[in-house]
Amino acid sequence: MAGKRGVAVPRPIKGTEYEIFFGNTAAQRGWTDLKASAKNALADAYDYRTAHPARYDPDRCYQLRGDLSTVLVDGVVLPQWQYKVTDGARLWYAVDEPNVKAKKPGRVYITKAATGHPNETDSTKNFR
């Protein structure tokens with residue numbers, strides 16, 4: 001029997017879904033904080049991003065604007081989106097679309113996970 005007793009089983013994804021990765025260690029730490037404070041909402045966010053991460057929803061999910069609209073991931077410029085987990089908590093992520101010919105699945109890179117509203121997009125604090 002492979003695998004250890006008591007180790008959590010990661011959620012499997014369907015062939016049409018996107019794989020999710022952390023883009024940096026700060027995002028991973030933020031994810032842990034979010035999981036502690038908004039577990040159910042974060043699970044919904046996970047499901048949304050695996051199914052259709054680049055689907056515009058004016059109330060919850062949209063691409064960031066200005067110089068935050070793209071981010072460099074592994075040397076590739078990708079569009080950066082924001083998902084509202086709760087009223088204050090936010091997830092920023094980059095979407096790498098699947099390539100059917102290369103049989104490459106789509107990937108989502110979490111670039112920021114915050115339990116509070118990020119200052120960069122707060123209109124009262126934004127100096128851009």
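**A tour from helix 2 to glutamine 80**

In this predicted model, start by selecting helix 2: its buried residues pack against strand 1 (19-22), helix 1 (25-37), strand 2 (61-63), strand 4, strand 5 (90-96) and strand 6 (107-114). The buried residues to highlight in helix 2 are Leu42, Ala45, Tyr48, Arg49 and Thr50.

Next, check the length of helix 2 (residues 39-51). Its 13 residues, at 1.5 Å a residue, should span 18 Å, and the end C-alpha atoms lie 19 Å apart, so the two values agree.

Now show the largest nonpolar core, which has 20 residues. Select Leu34, Cys61, Tyr83, Val85, Leu91, Tyr93 and Ile110, the members with the most contacts inside this core. Helix 1, helix 2, strand 4, strand 5 and strand 6 each give two or more residues to the core.

Center on leucine 34. Beyond its neighbours within four places in sequence, leucine 34 contacts Lys39, Leu42, Val85, Ala89, Arg90, Leu91, Ala113, Ala114 and Thr115. Leu42 is one of the buried residues of helix 2.

Another core, of five residues, lies apart from the largest one. To find this second core, select Val73, Leu78, Ala94 and Tyr109, which are among its members.

Finish in strand 4 (residues 76-84), at glutamine 80. Is glutamine 80 buried or exposed? Its relative accessibility is 5%, so glutamine 80 counts as buried. Display its side chain together with that of threonine 111: a polar contact of 2.7 Å joins the two. Leaving out residues up to four places away in sequence, glutamine 80 touches Gln63, Leu64, Leu68, Ser69, Thr70, Val71, Trp92, Tyr93, Ala94 and Thr111.

Methods
Residues numbered from 1 in each chain as written. Predicted model: local features only at pLDDT ≥ 70, side-chain atom pairs only at ≥ 80, totals over all residues. Heavy atoms only, no water. Helix = DSSP H or I, 4+ residues; strand = E, 2+ residues; numbered from the N terminus. Buried < 20%, exposed > 50% of the residue type's maximum accessible area, 1.4 Å probe, protein only. Polar contact = N/O pair within 3.5 Å; in protein donor to acceptor, adjacent residues only side chain to side chain. Contact = heavy atoms within 4.5 Å. Expected span 1.5 Å × (residues − 1). Core = buried A, V, L, I, M, F, W, Y, C linked by side-chain atoms within 4.5 Å.
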